[in-house]
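Biologist: Could you take me through this structure slowly, with a close look at one part of it, the sheet and what packs around it? I am in my first year, so please build the picture up step by step.

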Amino acid sequence: MATPEPVSRTPRLVIVMPAYNAARTLERTYADIPHDLVERIILVDDVSGDETVEIARQLGLHVIIHSQNRGYGGNQKTCYDAALEAGAEIVVMLHPDYQYDATRIPALIAPIADGTHDLVLGSRFLGDPLAGGMPRWKYVSNRFLTIVENAAFGLHLSEYHTGLRAYSRELLETVPYDRNSDDFVFDQELIAQVVATGMRRRIGEVAVPTRYFEEASSVGFRRSVVYGLSTLRVVARYMLHRLRIRLSPKLAARRRRD
Ligand SMILES: Nc1nc2c(ncn2[C@@H]2O[C@H](COP(=O)(O)OP(=O)(O)O)[C@@H](O)[C@H]2O)c(=O)[nH]1
Ligand SMILES: [Mg+2]
């Protein structure tokens with residue numbers, strides 16, 4: 001009798017899309033997703049003023065609608081809660097603005113599926129972001145914040161500000177993301193929490209192309225300055241916590257202890 005082949009089970013992958021006025025780009029973003037690997041796609045709509053919800057429903061996505069606008073971080077909280085509830089083993093956060101290449105999802109999740117990492121960032125800075133159309137001032141600010149964050153967190157990442165990320169279930173069950181900001185700085189707070197939890201070595205990155213075009217970016221100079229300052233505040237809070245000068249409940253808490 002033939003011995004059965006070892007079964008390598010595909011992990012249950014859930015894609016989450018925090019959406020705000022994504023009608024013009026959603027279909028294109030959706031088309032590039034490797035559907036054979038995906039168990040479920042969840043779109044959380046933050047009270048868009050366009051046809052985002054109608055298009056998402058036509059595409060057969062699981063749509064969750066906020067009753068009021070909660071911001072990018074608030075949107076992600078709903079995304080991750082819903083993904084965990086759906087039994088996700090790996091969660092990919094993908095912006096629905098077609099800025100990030102969804103065909104890179106298999107490379108993004110591979111280090112989680114094989115147990116190497118719990119958080120993988122799709123990095124534009126492993127390639128040439130300027131050639132992809134990133135405005136020079138965004139490039140310079142991104143580089144600056146990345147140097148500061150690397151120094152504070154003891155990491156060597158090429159960027160922290162990407163809209164394509166993959167998480168293990170374990171990470172999302174451990175880190176208290178629900179305590180984070182409802183604004184854009186949510187992403188940086190989550191990385192600080194991962195580092196504070198002792199999972200620093202569990203963060204990895206893979207290269208993704210940079211794409212800039214009109215619909216891909218609503219964040220202008222003013223909002224970027226606020227975001228930059230908020231990021232520096234996250235770093236300062238992390239340092240005070242690490243040096244035990246002022247402990248931060250956001251960084252100390254765990255969602256679950258095993
Ligand atoms: N929930 C929510 N999401 C937003 C808001 N503004 C932008 N977004 C989403 O946040 C993501 C990043 O915004 P975007 O304008 O593309 O930023 P940029 O690409 O960094 O310039 C996109 O997926 C947007 O849909 C907002 O006010 N609320
Ligand atoms: Mg964008």
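Modeller: For a chain of 258 residues, a compact globule would have a radius of gyration near 18 Å, and because the chain has 18 Å, the value agrees with that expectation. Please keep in mind that this is a predicted model. Along its principal axes the C-alpha trace spans about 60 × 50 × 40 Å, and 41% of the 258 residues count as buried. If we take the contacts between residues at least 6 apart in sequence, 76% of them join residues at least 24 apart.

The secondary structure comes to nine helices and seven strands, and an open sheet of seven strands has the order 3-2-1-4-6-5-7, with mixed pairing. At the edges of this sheet are strand 3 (62-65) and strand 7 (203-207), each of which pairs on one side only, while the twist from one strand to the next averages 20°. Strands of a sheet pair through backbone hydrogen bonds, either parallel or antiparallel. An example of the antiparallel sense is the pairing of strand 4 (residues 90-94) with strand 6 (residues 164-168), which extends over five bridges; here Val-92 has Ala-166 in strand 6 as its bridge partner.

Now to the helices that pack on these strands. Helix 3 lies across strand 1, strand 2 (38-45), strand 3 and strand 4, and runs at about 155° to strand 1. Helix 4 (residues 105-113) lies across strand 1, strand 4, strand 5 (119-123), strand 6 and strand 7, and runs at about 145° to strand 4.

A good residue for following this packing is Ala-83, which is found in helix 3. Ala-83 counts as buried because 27 other C-beta atoms lie within 10 Å, and 20 or more are needed for that label. Leaving aside residues up to four places away in sequence, Ala-83 touches Val-14, Val-16, Ile-42, Ala-88 and Val-91. Of these contacts, the one with Val-14 shows how the fold brings together distant parts of the sequence, since Ala-83 and Val-14 are 69 residues apart in sequence and yet 6.2 Å apart in space, C-alpha to C-alpha.

Helix 3 also takes part in the surroundings of ligand 1, where it gives the most to the shell, with three residues. Strand 1 (13-19) and helix 3 (71-85) each supply at least two residues of that shell. Altogether 18 residues surround ligand 1, and the closest are Tyr-20, Asp-46, Ser-217, Ser-218 and Val-219. By character, the shell divides into eight nonpolar, eight polar and two charged residues.

Finally, two loop residues deserve a look at their backbone angles. Most residues other than glycine have a negative phi. Asn-21, in the loop between strand 1 and helix 1 (26-31), has instead a positive phi, near 55°, and Asn-21 counts as partly exposed because it has 19 C-beta neighbours inside 10 Å. Val-47, in the loop between strand 2 and helix 2 (52-58), likewise has a positive phi, of about 60°, although it is not a glycine. With 15 C-beta neighbours inside 10 Å, Val-47 is also partly exposed.

Key. Residues numbered from 1 in each chain as written. Chains lettered and ligands numbered in written order. Predicted model: local features only at pLDDT ≥ 70, side-chain atom pairs only at ≥ 80, totals over all residues. Helix = DSSP H or I, 4+ residues; strand = E, 2+ residues; numbered from the N terminus. Rg over C-alpha atoms; globule rule 2.2 N^0.38 Å. Buried ≥ 20, exposed ≤ 12 C-beta atoms within 10 Å, placed from the backbone. Contact = placed C-beta atoms within 7 Å. Near = placed C-beta within 6 Å. Nonpolar A, V, L, I, M, F, W, Y, C, P; charged D, E, K, R; others polar. Pairing = 2+ DSSP bridges. Axes fitted to C-alpha atoms, helices over the stretch in contact; angles between N-to-C directions.
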